[in-house]
Amino acid sequence: MGENSNEQKQYFIDTIAKFCDKCGTAYSIDDLEIIQETPISSIIHFSCKNCKASHIATFLKPMGISNRMPVNTDIGIEEIKKFLQKEKISTDEILDLYLYLKSNNQIKV
Ligand SMILES: [Zn+2]
């Protein structure tokens with residue numbers, strides 16, 4: 001991750017979520033970890049410093065949309081990283097995910 005990562009994290013806060021879903025605490029760049037970054041998508045881990053609620057956000061750059069799902073706080077960020085590295089996410093899979101979320105009304109486009 002280069003020197004722009006703080007700027008990037010701030011962008012994700014502005015774009016995806018400014019506040020914790022559970023307690024409303026404002027996120028800061030220290031609460032974010034960019035798990036995976038590809039030309040078309042980003043996967044970001046949000047964790048609230050106040051209530052410890054965690055979310056994984058998927059941001060699809062071509063569509064400018066994001067989806068957030070709560071994650072079990074027992075699952076460590078290293079485990080998530082390992083999983084995602086094992087499963088190299090392709091463009092097709094991102095599109096599948098997008099269509100899946102859309103069909104389930106998880107996102108509105
Ligand atoms: Zn919280």
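These are legends for a set of close-up views of one predicted model.

**A few ground rules for every view.** The model is predicted, and local features need pLDDT of at least 70, side-chain atom pairs count only at pLDDT 80 or more, and totals for chains, interfaces and linings use all residues. Residues are numbered from 1 along each chain as its sequence is written, and side-chain values use heavy atoms, with hydrogens and water left out.

**View 1. The whole chain, before zooming in.** You're looking at 3 helices and 4 strands, laid out along the sequence as α-β-β-β-β-α-α. Helices (H or I, at least four residues) and strands (E, at least two) are DSSP runs, numbered from the N terminus. Of the 109 residues in the chain, 35% are buried; buried means under 20% relative accessible area, exposed over 50%, and partly exposed in between (1.4 Å probe, protein chains only). The accessible surface of the chain is about 6,900 Å², and carbon and sulfur atoms own 50% of that. Those areas come from the Shrake-Rupley method with a 1.4 Å probe, and for residues only the protein chains shown count as cover. Take the contacts between residues at least 6 apart in sequence, and 40% of them join residues at least 24 apart; contact here means heavy atoms within 4.5 Å.

**View 2. The zinc site.** Four sulfurs hold the zinc ion: the SG atoms of Cys20, Cys23, Cys48 and Cys51, at 2.3 Å. Donors are N, O and S atoms within 2.8 Å of the metal (3.2 Å for Na, K and Ca); water is not among the atoms, so sites may look incomplete. The angles among the 4 donor atoms run from 104 to 116 degrees, making the site tetrahedral. For four donors, that label needs all angles between 85 and 135 degrees; four count as square planar and six as octahedral if opposite donors are over 155 degrees apart and all others between 65 and 115, and anything else is irregular. Along the sequence, the donor residues follow the spacing C-x2-C-x24-C-x2-C. Cysteine 23, in the loop between α1 and β1, and cysteine 48, in the loop between β2 and β3, sit 25 residues apart, so this pair links distant parts of the chain.

**View 3. How covered are the zinc cysteines?** Cysteine 48 counts as buried because its relative accessibility is 3%. Cysteine 23 comes in at 35%, so it counts as partly exposed, and cysteine 51 is partly exposed too, at 31%. If you're hunting for disulfides (pairs of cysteine sulfur atoms within 2.5 Å), a search of the whole structure finds 0.

**View 4. The loop between α1 and β1, at Phe19 and Gly24.** Phenylalanine 19 lies in this loop and is partly exposed, at 47% relative accessibility. Skipping residues up to four places away in sequence, phenylalanine 19 touches Gly24, Thr25, Ala26, Tyr27 and Arg68. Its C-alpha atom is 10.0 Å from that of phenylalanine 46, 27 residues along the chain. Glycine 24 is in the loop between α1 and β1 as well, and counts as partly exposed at 40% relative accessibility. Between the C-alpha atoms of glycine 24 and cysteine 48 there are 9.2 Å, with 24 residues separating them along the chain.

**View 5. Lys52 and its backbone.** Lysine 52 is found in the loop between β2 and β3. Its phi is positive, about 70 degrees, although the residue is not a glycine. With a relative accessible area of 53%, lysine 52 is exposed.

**View 6. The largest nonpolar core.** A nonpolar core is a set of buried Ala, Val, Leu, Ile, Met, Phe, Trp, Tyr and Cys residues joined through side-chain atoms within 4.5 Å. This one has 14 residues, and Phe12, Ile16, Tyr27, Leu32, Ile44 and Phe46 touch the most other members. The elements giving two or more residues to this core are α1 (5-15), β1 (32-37), β2 (41-47) and β3 (54-60). There's also a second, separate core of 6 residues, including Ile35, Ile77, Ile80 and Leu84.

**View 7. Phe12 and Leu32 in close-up.** Phenylalanine 12 belongs to helix α1 and is buried, with a relative accessible area of 2%. Beyond four places in sequence, phenylalanine 12 touches Ala17, Leu32, Ile34, Glu37, Ser42, Ile44, Phe46 and Phe59. Leucine 32, with neighbours within four places left aside, is in contact with Lys9, Phe12, Ile13, Tyr27, Ile44, His45 and Phe46.
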